[in-house]
Amino acid sequence: MAAEQELLKRLGVDIDAETLRLALTHRSYAYENGGLPTNERLEFLGDSILGYAVTDSLYRDHPDLPEGDLAKRRAAVVSTRALAGIARELDLGEYILLGQGEKLTDGKNKSSILADTMEAIFGATYVSRGIDVASELVMRLTAPLLADAGALGAGTDWKTNVQETAAGEGLGVVQYVVEGSGPDHARTYQAKVLIGSVEYGTGTGHSKKEAEKEAAAQAWRQLSTSGSRSDGTTVQH
């Protein structure tokens, strides 16, 4: 319980002990311990709370943006990658109850598990404290992402946006070079994005897809914010 109290301090909310434990109970742990309830129902609820709070904020704060742009920004904030990033900042993986199989494959660092548990935390906050407190928690944790207007513009598909930008600027062919390291049960992948043989971004992950997405996100940020190539040549708009 002391560990869970530490998590509550990091979250800045008060969730009753039983609901918090349920939010942290991954299905792998539940199945290995006699079929306990899992956090999946809270995850389902939290997904809606997250979507509502982010949509409300975007609608109010950006009255001039069309629906398509609002949808892209929302998709970026509620994505698995974004939620996993928030969870890592909270060190949430250390508190998740996992089965032995997931522990052996470093489940506490898997983006999908971290993102799902983050949603379950939002759901648990709603159940314990109501919509206002749950929405406030969502907005407090997602504020840096909402403020990052440049990056959010490509939130729906980083790789597609990199491809379209590179083609539009005539920068050359986009290539992803991926290498793996570590034992099979805890494999880590490192990816880099090359555009016309110039490196624009790197990323890591527990799957090739995850590593490529992170590298593409970094590359797109560089393309969209600097307006110049990695070799120092200015891109002509």
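## Close-up views of a predicted model

**View 1. Strands β1 and β2 run side by side.** Strand β1, residues 174–181, pairs with β2 in the antiparallel sense, and eight bridges join the two. As a reminder, this is a predicted model. The hairpin of β1 and β2 has six residues between the strands. Have a look at Gly-182 in this hairpin, where phi is positive, near 90°.

**View 2. β2 passes into β3 through a hairpin.** Here strand β2 (residues 188–195) meets strand β3 (residues 198–205), again in the antiparallel sense, with seven bridges between them. One bridge to pick out joins Ile-195 to its partner in β3, Val-198. This hairpin has two residues between its strands. Gly-196 sits in the turn and has a positive phi of about 60°. Ser-197 is also found in the loop between β2 and β3. Its phi is positive too, at about 75°, although Ser-197 is not a glycine. For most residues other than glycine, phi is negative. Is Ser-197 buried or exposed? Ser-197 counts as exposed because its relative accessibility is 64%, and the cut-off for that class is over 50%.

**View 3. Glu-179 on strand β1.** Glu-179 lies in strand β1 and stands opposite Gln-190 in β2. Which residues does Glu-179 touch, leaving aside those up to four places away in sequence? They are Thr-188, Tyr-189 and Gln-190. Glu-179 is exposed, as its relative accessible area is 54%. If you zoom out to find Asp-132, you will see a wide gap: 47 residues separate it from Glu-179 in sequence, and their C-alpha atoms are 45 Å apart in space.

**View 4. Glu-212 on helix α12.** Now move to helix α12, residues 208–226, which holds Glu-212. Is this glutamate, Glu-212, buried or exposed? With a relative accessibility of 18%, Glu-212 counts as buried, since buried means under 20%. Not counting residues up to four places away in sequence, Glu-212 touches Lys-159, Tyr-176, Val-178 and Ala-191.

**View 5. Asp-106 in a loop between two helices.** Asp-106 is placed in the loop that links α7 (100–104) and α8 (111–129). Although Asp-106 is not a glycine, it has a positive phi of about 60°. Asp-106 is partly exposed, because its relative accessible area is 21% and the buried class stops under 20%.

**View 6. Stepping back to the chain as a whole.** To place the close-ups, it helps to know that the chain has twelve helices and three strands. Its C-alpha atoms fill a box of roughly 60 × 50 × 25 Å along the principal axes. How does the radius of gyration fit with a compact globule, and why? For 237 residues such a globule would have a radius near 18 Å, so the 20 Å of this chain agrees. Buried residues make up 41% of the 237 residues. Of the contacts with a separation of 6 or more, 54% come from residues 24 or more positions apart. The chain exposes about 12,200 Å², and carbon and sulfur atoms supply 49% of that area. Finally, the chain carries 24 positive and 34 negative charges, and the mean positions of these two sets are 3 Å apart.

Notes
Residues numbered from 1 in each chain as written. Predicted model: local features only at pLDDT ≥ 70, side-chain atom pairs only at ≥ 80, totals over all residues. Heavy atoms only, no water. Helix = DSSP H or I, 4+ residues; strand = E, 2+ residues; numbered from the N terminus. Rg over C-alpha atoms; globule rule 2.2 N^0.38 Å. Buried < 20%, exposed > 50% of the residue type's maximum accessible area, 1.4 Å probe, protein only. Contact = heavy atoms within 4.5 Å. Areas by Shrake-Rupley, 256 points an atom, 1.4 Å probe, with all protein chains shown as cover. Lys, Arg positive; Asp, Glu negative; His and termini not counted. Charge placed at Lys NZ, Arg CZ, Asp CG, Glu CD. Pairing = 2+ DSSP bridges.
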